Amino acid sequence: MRIGLGIDVHPYATERPLILCGITLSNHGGLGGHSDGDVCLHALMDAILGAVGEEDIGVLFPATEERKGSSSLVMLEQVAEMVAKTGLTLLTADIALVMETPKIAPYRVQMRTKLQSYFPLAALHIKATTCEGLGFIGRGEGVAALAVALVGPP
Ligand code: MG
């Protein structure tokens, strides 16, 4: 079995919708970035890619004009295909979001269901915590996400 770690940070950019784990959270300003700013998926993909010994998403999916504003789910699908080609499968992924608002509890089931459609055999976990008002996250300037992924024979 192999383990990987991913981390990502994005600033808020209020003119966009907030998209986390491929789910659009209504009534919240979104995150900036070249793609859709899905900080959860970016951390998750880097964790999975690390576990299977691949390059990170910055290398595999460079910020081209074509990819501007694109859904991170398109990248996730390609990452899922790369994992399948190794003969291994994603066994567990655990994502920790660090953000002040909104609460993600009402969206957690939807988020997990979305991820599960890409990794049907995996135990998937999504949790969130605040920064207790400290630093750039505490001031509501941005969001961080961390993820670990465990891959192994199916
Ligand atoms: Mg990112």
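# A first look at this structure

With a relative accessibility of 56%, Arg139 counts as exposed, because exposed means over 50%. That residue makes a good doorway into the structure, which is a predicted model. From Arg139 a salt bridge leads to Glu141, and a search of the whole structure finds 2 salt bridges. Beyond these, you will meet paired strands, a magnesium ion and a nonpolar patch on the surface.

**Salt bridges**

- The side chains of Arg139 and Glu141 meet at 2.8 Å, N to O, in a salt bridge.
- Glu141 has a relative accessible area of 41%, so this residue is partly exposed, whereas Arg139 is exposed.
- Asp94 and Lys127 also form a salt bridge, and their closest N and O atoms are 2.6 Å apart.
- Because Asp94 belongs to strand E3 and Lys127 to strand E4, this pair ties together parts that are 33 residues apart in sequence.
- Asp94 is partly exposed, at 24% relative accessibility.
- Lys127 is partly exposed too, with a relative accessible area of 38%.

**Strand E3 and its partners**

- Strand E3 covers residues 89–98, and 9 bridges join it to strand E5, residues 142–152, in an antiparallel arrangement.
- Two residue pairs let you trace this contact: Ala96 stands opposite Leu146 in E5, and Leu90 has Val151 in E5 as its bridge partner.
- E3 is also joined to strand E4, residues 123–129, by 7 bridges, and these two strands run parallel.
- Along that pairing, Leu97 stands opposite Ala128 in E4.
- To get from E3 to E4, the chain passes through helix H4, residues 108–116, in a β-α-β crossover that is right-handed.
- In the loop between E3 and H4 you will find Pro102, and a cis peptide bond joins Thr101 to Pro102, with omega at about -5°.

**Strand E1 and its partners**

- Strand E1 and strand E2, residues 23–31, pair in the antiparallel sense over 6 bridges.
- One place to see this pairing is Ile19, which stands opposite Thr24 in E2.
- E1 and E2 form a hairpin, with 2 residues between them.
- E1 also pairs with E5, again in the antiparallel sense, and here there are 10 bridges.
- Gly4 has Ala149 in E5 as its bridge partner.
- E5 itself is mostly covered, since 8 of its 11 residues are buried.

**Backbone angles to look for**

- Cys21 sits in the loop between E1 and E2, and it has a positive phi of about 55° although it is not a glycine.
- Cys21 is buried: its relative accessible area is 0%, so it falls under the 20% cut-off.
- Glu132 is another residue other than glycine with a positive phi, near 55°.
- The place of Glu132 is the loop between E4 and helix H5 (135–138).
- With a relative accessible area of 69%, Glu132 is exposed, whereas Cys21 is buried.

**The magnesium ion**

- Asp8 (OD), His10 (NE2) and His42 (ND1) coordinate the magnesium ion, at 2.0 to 2.2 Å.
- The spacing of these donor residues in sequence is D-x1-H-x31-H.
- Asp8 and His10 are both buried.

**A nonpolar patch on the surface**

- Ile3, Leu5 and Val148 form this nonpolar patch, and together they have about 310 Å² of accessible area.
- Ile3 belongs to strand E1, residues 2–20.
- Ile3 counts as exposed because its relative accessible area of 61% is over 50%.

Technical notes. Residues numbered from 1 in each chain as written. Predicted model: local features only at pLDDT ≥ 70, side-chain atom pairs only at ≥ 80, totals over all residues. Heavy atoms only, no water. Pairing = 2+ DSSP bridges. Helix = DSSP H or I, 4+ residues; strand = E, 2+ residues; numbered from the N terminus. Right-handed = clockwise from strand over helix to strand, strands pointing away. Donors = N, O, S within 2.8 Å, 3.2 Å for Na, K, Ca; no water. Buried < 20%, exposed > 50% of the residue type's maximum accessible area, 1.4 Å probe, protein only. Patch = residues over 30% accessible without salt bridge, like charges linked within 9 Å, V, L, I, M, F, W, Y side chains within 5 Å. Areas by Shrake-Rupley, 256 points an atom, 1.4 Å probe, with all protein chains shown as cover. Salt bridge = Lys/Arg side-chain N within 4 Å of Asp/Glu carboxyl O.
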